[in-house]
Number of protein chains: 2
Amino acid sequence: MDNNRKVERSDTMLNNQLTQLLKIEYPIIQAPMAGGITTSNLVSAVSNAGGLGMIGAGYMTPAQIREQIREIKGITTKPFGINLFVPNEFEVNESEIKAANEKLQPIQELLKVEPVAISEIPTYEEVFNTFKKQIKIVIEERVPICSFTFGIPSREVIAELKEHQIILIGTATTVKEAIVIEKAGMDLVVVQGSEAGGHRGNFINEHQESLIGLMSLIPQVVDHVSIPVISAGGIMDGRGLMASLCLGAKGVQMGTAFLTCVESGAHEVHKKAILNASEDQTVLTLAFSGKYARGLKNKFIQDMQKQENELPDFPVQNKLTQKIRGAAAKQNNTDYMSLWAGQSVRMAEAQTVERLLEKLINEAERLYND
Amino acid sequence: MDNNRKVERSDTMLNNQLTQLLKIEYPIIQAPMAGGITTSNLVSAVSNAGGLGMIGAGYMTPAQIREQIREIKGITTKPFGINLFVPNEFEVNESEIKAANEKLQPIQELLKVEPVAISEIPTYEEVFNTFKKQIKIVIEERVPICSFTFGIPSREVIAELKEHQIILIGTATTVKEAIVIEKAGMDLVVVQGSEAGGHRGNFINEHQESLIGLMSLIPQVVDHVSIPVISAGGIMDGRGLMASLCLGAKGVQMGTAFLTCVESGAHEVHKKAILNASEDQTVLTLAFSGKYARGLKNKFIQDMQKQENELPDFPVQNKLTQKIRGAAAKQNNTDYMSLWAGQSVRMAEAQTVERLLEKLINEAERLYND
């Protein structure tokens with residue numbers, strides 16, 4: 001046994017192009033899950049443990065973003081990142097909303113919530129203005145890393161962020177999307193496999209075309225881009241990290257594994273549902289938001305399944321189901337909550353972030369040295 | 001650099017429980033692709049190069065099976081295996097066949113083939129009798145390894161094969177299926193990820209439930225069974241082999257990577273289509289056989305897409321499209337051939353089996369020693 005060599009070898013593995021660029025100890029990024037999951041405690045715990053904590057800011061107001069960034073800076077001096085949704089054009093159509101509300105009516109009555117009125121739904125222009133303000137806050141508050149989902153921001157936005165030395169990460173589901181992200185000047189690309197929980201990040205390819213498993217997606221993307229690749233989808237432990245590195249990724253982004261951690265802001269019944277689930281219980285659904293997302297199959301998804309193709313697009317449908325999801329959460333009623341989860345739910349554990357990362361790194365090093 | 005240690009280490013990796021049980025040099029199994037792809041040249045080339053060649057005998061008559069086994073034994077002294085389809089009950093319904101033939105009529109006319117008559121379609125009893133005869137040949141010809149797809153054979157069949165020291169491999173798409181395979185007394189289990197080309201092997205879980213990416217599927221199965229796990233789906237090179245081993249598999253089964261090899265019996269236009277394809281061009285379709293399978297999207301799949309749920313089940317629909325596929329192949333017309341392929345088509349190469357395995361092992365060892 002050559003112990004010196006061992007240390008050197010595991011250093012090479014864990015300390016690479018990605019960790020050096022992001023100034024983190026381990027090539028592990030906490031997925032920027034939107035909707036209250038990425039509490040300041042979660043983000044800072046991940047960064048303090050040597051990974052990269054990320055704020056899932058897609059649904060947050062500029063003021064909320066500023067507040068959380070400042071709060072996190074009070075708990076960690078380590079780098080952390082933020083994720084924003086790139087707005088895609090959409091139309092708010094009165095008759096479509098009426099039809100969707102009719103489909104939701106039995107559930108609204110059951111949960112005693114009012115239908116969402118058309119006046120409550122922001123226009124594309126409003127969404128786009130919010131995005132611009134979000135970007136402004138990211139720059140003003142000097143967040144060192146910013147990732148994007150659902151597309152690529154304009155050249156101007158990219159140029160402005162780069163001027164402020166902010167490291168940019170795009171999200172791709174196919175080789176084509178990864179190439180476009182590299183060409184747009186992003187520094188890193190997250191490749192989201194079909195295993196991933198939550199919303200699909202496809203923005204060029206259609207839904208079905210973009211469901212590529214990581215065993216196929218990672219090496220094919222790695223063969224076609226020069227920027228470092230981060231793999232996402234179903235990665236829960238040291239085995240997934242090492243497999244990703246073997247396939248050519250420089251690091252991993254993990255969602256479900258952090259969602260069930262003590263520090264995560266996910267609803268307790270959401271965590272419990274994941275901890276009791278098996279890999280064959282997740283489905284891809286349009287019903288909650290108008291954009292495909294993977295979560296645990298429940299009554300809402302089943303009730304809406306046959307009509308899910310007739311619903312308004314994201315983010316309109318998301319707004320239309322907001323009160324339903326909110327009321328269900330208050331009532332601890334998992335039938336009508338969006339229980340986002342990836343395909344590796346059997347490996348989820350209720351634990352602290354520190355314990356998750358400690359076990360993960362130990363396992364990765366053991367695999368590396370075996 | 002400690003070269004002795006290196007050799008020892010890569011020996012440990014490549015020489016494991018699986019290679020010892022199968023008496024092969026490398027933990028690499030050539031997927032038993034049915035339909036003329038697994039020529040005796042392909043099977044023997046894989047076994048001679050240190051992997052395990054497999055006859056895809058699902059559609060073969062007992063006489064054809066005996067002939068090919070004897071032919072392969074003339075070209076290699078190394079172990080090889082065979083795969084059989086476990087028959088599942090089905091009904092041949094005259095009105096259903098009439099309706100399906102009506103849907104196929106424009107294509108039959110275009111390709112100048114007659115519709116398949118009900119009298120040409122075997123009954124379940126006939127299919128089951130053929131299966132029993134296939135088993136008999138496997139035993140008589142002393143094939144050392146037999147794998148199964150689409151289910152688990154009866155206790156009696158398993159007991160008989162085991163009495164003759166034949167190593168048995170089941171095919172699972174979920175943890176539940178893998179557990180049932182282990183309980184049935186199989187020696188090994190192939191886990192088929194959603195990345196895989198060709199027919200889906202699910203036999204307990206429904207189609208949608210069973211589309212689990214390998215990054216999720218391998219570790220979750222490994223955590224729930226004791227028999228060695230072989231991963232299948234999108235694995236093309238040393239990266240995929242090493243990733244599979246990191247996730248807990250003891251070896252890999254590769255289809256598409258061998259399909260484009262010189263020795264494979266796949267149609268030249270099928271090979272070319274794969275060599276020119278990208279990862280976002282495969283789809284899951286019921287149209288060719290009545291059972292979901294992954295292949296390159298073409299005109300036949302698109303023409304039948306809207307009505308694919310109204311077609312007869314496997315193997316009836318498979319028989320109904322046999323003349324169409326045959327005529328299209330004769331005419332080099334990829335529009336109406338089943339172009340089965342996994343999601344890693346960008347990594348496919350036209351090469352000999354020897355070269356494929358040489359590069360794969362070199363790459364795996366390089367990854368292991370880096």
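**Symmetry.** I superposed chain A on chain B in this predicted model: a rotation of 180° with 0.0 Å of shift along its axis does it, with an RMSD of 0.0 Å. The two copies are therefore related as by a two-fold rotation axis. I then asked which residue of chain A comes closest to that axis. A:Ala243 does, with its C-alpha at 2.0 Å. I also compared the contact residues and found that 98% of those of chain A recur in chain B, so the same surface serves both copies.

**Extent of the interface.** I counted 44 residues of chain A in contact with 43 residues of chain B. For the area buried between chain A and chain B I noted about 3,600 Å². Carbon and sulfur atoms give 51% of this area.

**Polar links.** I looked for salt bridges between chain A and chain B and got a count of 4. One that I looked up joins the side chains of A:Asp223 and B:Arg239, at 2.9 Å from N to O. For polar contact between chain A and chain B, my count is 17 residue pairs, with both residues at pLDDT 80 or more.

**Which elements touch.** On the side of chain A that touches chain B, I listed the elements giving two or more residues: α1 (3–14), α8 (175–183), α9 (214–222), α10 (238–246) and α16 (353–369) of chain A. Which of them gives the most? I found α9(A), with 7 residues.

**Make-up of that side.** I sorted the residues of chain A that touch chain B by type and obtained 17 nonpolar, 14 polar and 13 charged.

Key: Residues numbered from 1 in each chain as written. Chains lettered and ligands numbered in written order. Predicted model: local features only at pLDDT ≥ 70, side-chain atom pairs only at ≥ 80, totals over all residues. Heavy atoms only, no water. Contact = heavy atoms within 4.5 Å. Buried area = accessible area lost by both parts, 1.4 Å probe. Polar contact = N/O pair within 3.5 Å; in protein donor to acceptor, adjacent residues only side chain to side chain. Helix = DSSP H or I, 4+ residues; strand = E, 2+ residues; numbered from the N terminus. Nonpolar A, V, L, I, M, F, W, Y, C, P; charged D, E, K, R; others polar. Least-squares fit on C-alpha atoms with pLDDT ≥ 70 in both.
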